Amino acid sequence: MFKFELLKTSKDSKARLGKITTNHGEIETPIFMPVGTRATVKTMTPEELKDIGAQIILSNTYHLFLRPGTEIIEKAGGLHKFMNWDKPILTDSGGFQVFSLSDNRKITEEGVHFRSHIDGSKMFISPEKSIDIQNILGSDIIMAFDECAPYPASHEYIDHSMRRTLRWAERCKNHHKNVDNQTLFGIIQGGMYKDLREISAKEMVDMDFKGYSIGGLSVGEPIDLMTEILDYTTDFMPENKPRYLMGVGSPDYLFEAVERGVDMADCVLPTRIARNGTVLTHQGRIPIKNAIYKDDFSRLDDECDCYTCRNYSKAYIRHLFNVDEILGMRLATIHNLYFLIDMMKNIRESIKGDYFLEYKKDFYKKYGYK
Ligand SMILES: CC(C)(C)OC(=O)NCc1c[nH]c2nc(N)[nH]c(=O)c12
Ligand SMILES: [Zn+2]
């Protein structure tokens with residue numbers, strides 16, 4: 001089953017509070033979703049994810065199709081069982097990954113021919129194939145197969161790509177049968193062109209999906225351009241359906257997205273930068289490997305009460321990174337994910353109490369944003 005309840009919309013911005021109900025549990029929005037591309041949120045156990053408050057995680061059609069392959073996951077009884085995660089899972093459709101991971105790919109009306117980035121073997125994914133794979137994975141929310149167009153790109157290229165993505169979305173909708181257990185979201189494309197974003201949004205809304213993603217943003221464009229296109233696009237999206245901004249996950253991008261009416265976001269940022277020792281704190285990012293922390297016995301962030309901050313010092317975590325100990329990556333990941341998940345909890349509280357814009361201003365000032 002799938003239900004989205006819009007609980008409150010702010011008076012002084014488009015920020016809103018919602019609740020999504022799925023077969024595997026409820027999701028309070030706005031929400032940040034940790035990315036577990038290959039059936040694991042890197043370095044974290046499911047128990048640790050629950051402990052930091054993760055409500056839903058992402059996984060990826062393209063990567064799991066390549067390894068371990070759908071046969072193994074089917075035999076395991078689906079992705080929830082395979083990875084021992086009994087809360088909601090959202091899978092991305094693989095389109096984006098094909099475009100960003102594999103070279104010498106060929107896009108045709110039928111689908112995308114590409115070579116596996118693992119062993120170079122010839123592969124093919126179509127809208128129908130993507131739906132079939134996601135059906136085997138058994139994720140609660142699945143994505144239409146789209147082309148996430150490169151940035152920058154000409155109006156002509158984006159127009160052509162966006163219209164093909166619309167035709168692919170239609171094919172996904174027609175092919176998707178498991179509607180009771182899996183909910184298909186359409187993905188709005190259109191690059192940085194408002195006219196194309198409007199066409200994509202209106203056509204997608206006409207196809208009546210249960211939720212909509214905004215794709216093709218945070219692809220390297222300046223944040224002001226991202227927020228301008230996002231602000232324009234959300235106005236064409238139905239109030240009573242979730243809005244999911246893909247690939248967004250630094251604190252400022254999340255605040256800007258929520259302010260413009262976005263309910264869901266995902267990004268590898270917090271987990272990826274944690275593994276190379278960049279820690280998110282309320283005073284901005286800190287490079288924990290830096291020697292200045294070698295005898296600093298304070299916690300990573302004096303306002304954080306995550307497992308890492310309650311039990312370890314900067315000096316210890318810097319030591320772990322310095323001698324390449326895996327625990328360092330784990331402790332930094334726990335903290336970075338908790339930081340964003342807790343920030344989103346505070347954002348939900350601020351919308352509830354009608355002080356979202358004030359909270360954003362305070363956060364930006366402390367963090368060092370403009
Ligand atoms: C470069 C990063 C990953 C930061 O952002 C984007 O590319 N943002 C766009 C994006 C992320 N994930 C997607 N999945 C799909 N199906 N389509 C998309 O457009 C995207
Ligand atoms: Zn912490």
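Hi everyone, let's start with the layout: the domain assignment splits the protein chain into domain 1, residues 3-266, and domain 2, residues 268-369. Please keep in mind that this is a predicted model. The C-alpha centres of the two domains, domain 1 and domain 2, sit 26 Å apart.

So how do the domains meet? On the domain 1 side, 34 residues are in contact with 30 residues of domain 2. Together, domain 1 and domain 2 bury about 3,000 Å² between them, and 69% of that is on carbon and sulfur atoms. Which three residues supply more of the area that domain 1 buries against domain 2 than any other three? They are Ile-52, Pro-251 and Phe-255, with 24% of that area. Hold on to Phe-255, please; we will come back to it.

Now for the polar side of things. Between domain 1 and domain 2 there are six salt bridges. To give you one you can click on, Glu-28 forms a salt bridge with Arg-348, where the closest N and O atoms are 4.0 Å apart. There are also 12 residue pairs in polar contact between domain 1 and domain 2, counting pairs with both residues at pLDDT 80 or more.

Which elements give two or more residues to the side of domain 1 that touches domain 2? There are strands E2 (16-22), E3 (25-29) and E4 (31-34), plus helices H1 (46-51) and H10 (251-259). Helix H10 gives the largest share of that side, seven residues. By residue type, the side of domain 1 that touches domain 2 divides into 16 nonpolar, eight polar and 10 charged.

Back to Phe-255, as promised. A search of the whole structure finds 16 aromatic pairs. In one pair, Phe-255 and Tyr-359, the ring centres are 5.5 Å apart and the planes are at 50°, so this pair counts as tilted. Phe-255 is in helix H10 and Tyr-359 is in helix H15 (residues 356-367), so to speak a link between distant parts of the chain, 104 residues apart.

Let me finish with some backbone details, for those of you who like to check torsions. Where are the cis peptide bonds I want to show you? One joins Thr-29 and Pro-30, with omega at about 5°. Pro-30 is in the loop between E3 and E4, and both of those strands give residues to the side of domain 1 that touches domain 2. Another cis bond runs from Arg-67 to Pro-68, with omega near 10°. You will find Pro-68 in the loop between helix H2 (61-66) and helix H3 (70-76).

Then there is phi. Asn-84 has phi near 60°, a positive value in a residue other than glycine. The loop that holds Asn-84 runs between helix H4 (79-82) and strand E6 (89-92). Asp-324 is a further case, with a positive phi near 60°, and again the residue is not glycine. Asp-324 lies in the loop between helix H13 (314-322) and helix H14 (326-352).

That's my tour, and thanks for listening!

How values were computed:
Residues are numbered from 1 along each chain as its sequence is written. Chains are lettered from A and ligands numbered from 1 in the order in which they are written. This is a predicted model: local features need pLDDT of at least 70, side-chain atom pairs count only at pLDDT 80 or more; totals for chains, interfaces and linings use all residues. Side-chain values use heavy atoms; hydrogens and water are left out. Domain bounds come from an automatic or database domain assignment. Contact means heavy atoms within 4.5 Å. Buried area is the accessible area (1.4 Å probe) that two parts lose on being put together, summed over both. A salt bridge is a side-chain nitrogen of Lys or Arg within 4 Å of a carboxyl oxygen of Asp or Glu. A polar contact is a pair of N or O atoms within 3.5 Å; within protein, one must be able to donate a hydrogen and the other to accept it, and residues adjacent in sequence count only if both atoms are side-chain atoms. Helices (H or I, at least four residues) and strands (E, at least two) are DSSP runs, numbered from the N terminus. Ala, Val, Leu, Ile, Met, Phe, Trp, Tyr, Cys and Pro count as nonpolar, Asp, Glu, Lys and Arg as charged, and the others, Gly among them, as polar. Rings of Phe, Tyr and Trp (its six-membered ring) pair if their centres lie within 6.5 Å; planes under 30 degrees apart count as stacked, over 60 as edge-to-face and the rest as tilted.
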